[in-house]
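Colleague: Could we go through the open and enclosed spaces in this model?
Modeller: Certainly; here is the structure.

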Amino acid sequence: MGKRGHGHAPQQQQIVFDSDSADDGAPQSEPAATAAKPDSSDWKLHFASFGSGSSGNCSYLGTDQGGVLIDAGVDPDHVFESLRRNGVTPSMIKGIVLTHDHADHIRYAYTIVRRYKHLRIYCTPRLMSGVLRHRNISRRIKEYQENVFKEIPFKLAGFTFTAFEVSHDATDNMGFMIEADGKRFVVATDMGFITDRAEHYMSQAHFLMIESNYDSDMLNSGRYPEYLKNRVRGPKGHLDNVMAADFVASHLSSELKYVFLCHLSNDNNTPEIAVRAMTEALTEAGATVGDASNSVEQRGRQVQVYALPRYDTSTWFVL
């Protein structure tokens with residue numbers, strides 16, 4: 001199989017947030033979800049995206065007991081209606097974790113915590129400083145903040161989160177390795193190249209949400225001005241389809257089960273092109289690749305590949 005990440009993670013302090021006791025602001029008509037951990041035999045991850053791209057990013061990761069929002073750049077009416085349709089009430093959401101301070105990832109964070117006052121926002125101090133400096137958001141958002149720090153694990157909603165550095169042009173930028181019951185879900189969006197520390201965490205994923213932002217030919221021949229093209233393809237910009245596909249194929253292991261392609265460009269990519277690039281690279285590396293449809297024919301494939309929709313709610317995955 002492919003190579004693994006560089007070495008071992010350093011010895012790490014652990015931060016524990018007792019989020020399950022913070023439901024005072026939840027609507028009284030909705031009972032708080034139990035914090036009890038399910039039996040391992042019944043334990044499943046629930047994952048969905050409500051929008052992925054420069055127009056707005058927000059996704060959900062949880063279990064039957066509840067979960068978290070990853071970023072808050074999508075209209076909360078759409079987000080929470082999608083959650084309700086899948087049996088997740090607001091009181092089951094234990095927090096919002098932010099990857100960086102660009103508007104398409106944080107636009108509705110304050111709106112959500114004002115509406116559901118039991119929620120807290122988990123981000124680094126630098127990221128929150130960037131929000132306050134560069135975004136038209138009330139300074140009262142700080143009242144809802146819980147500080148986290150890169151490569152220092154913290155617990156939230158039954159998961160252990162570890163933030164790691166990624167290369168992008170926001171104030172502070174991070175991916176997350178999210179662990180529970182031996183399963184590792186890794187979020188790695190908005191990055192111009194894959195750093196050594198990002199590689200370390202991404203290569204351990206059972207479920208990988210990786211940016212596949214643009215097709216190089218489409219970008220090069222497209223309508224973007226040259227300065228914007230340079231920004232997109234620069235080391236603090238975005239990953240193209242080939243970079244994402246080559247990374248995943250070169251780190252292929254028997255543990256990797258799903259690849260979720262995120263943050264696809266509306267102008268310089270299509271889901272079909274992105275999925276084809278990833279599928280061809282994984283096939284060349286020796287994997288059998290499925291389309292995540294869960295059909296009888298597809299479910300036995302080694303790796304499932306799925307492009308998260310730009311504007312709509314994705315399939316609700318039970319992993």
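Modeller: What follows concerns the pocket and cavities of this predicted model.

Colleague: How much space lies in the largest pocket?
Modeller: The largest pocket holds about 310 Å³.

Colleague: How many residues line the largest pocket, and which lie nearest its centre?
Modeller: There are 21 lining residues, and those nearest the centre are Ser 54, Asp 104, Arg 231, His 238 and His 263. Two elements, α2 (103–106) and α7 (226–233), each give two or more residues to that lining.

Colleague: Which of the elements gives the most to the lining of the largest pocket?
Modeller: That is α7, with three residues.

Colleague: And how do the residues of that lining divide by class?
Modeller: Nine are polar, seven charged and five nonpolar.

Colleague: Turning to enclosed space, how many cavities of 30 Å³ or more does a search of the whole structure find?
Modeller: The search finds two. The largest cavity has about 80 Å³ of space. It is lined by 13 residues, with Asn 57, Cys 58, Ser 59, Asp 71 and Met 209 closest to its centre.

Colleague: Which strands supply at least two residues each to that lining?
Modeller: Both β2 (46–51) and β3 (58–63) do. By class, the lining of the largest cavity comprises seven polar residues, five nonpolar and one charged.

Colleague: What lines the second largest cavity?
Modeller: This cavity, of about 60 Å³, has a lining that includes Met 202, Leu 208, Phe 247 and His 251. Six of its lining residues are nonpolar and three polar, with no charged residues.

Key
Residues are numbered from 1 along each chain as its sequence is written. This is a predicted model: local features need pLDDT of at least 70, side-chain atom pairs count only at pLDDT 80 or more; totals for chains, interfaces and linings use all residues. Side-chain values use heavy atoms; hydrogens and water are left out. On a 1 Å grid over the protein atoms alone, a cavity is a set of points where a 1.4 Å probe fits but cannot get out, and a pocket is an open set with protein on both sides within 12 Å along at least five of seven lines; lining residues have an atom within 4 Å of a point. Grid points are joined across faces, edges and corners, and a volume is the space filled by probe spheres set on the points. Helices (H or I, at least four residues) and strands (E, at least two) are DSSP runs, numbered from the N terminus. Ala, Val, Leu, Ile, Met, Phe, Trp, Tyr, Cys and Pro count as nonpolar, Asp, Glu, Lys and Arg as charged, and the others, Gly among them, as polar.
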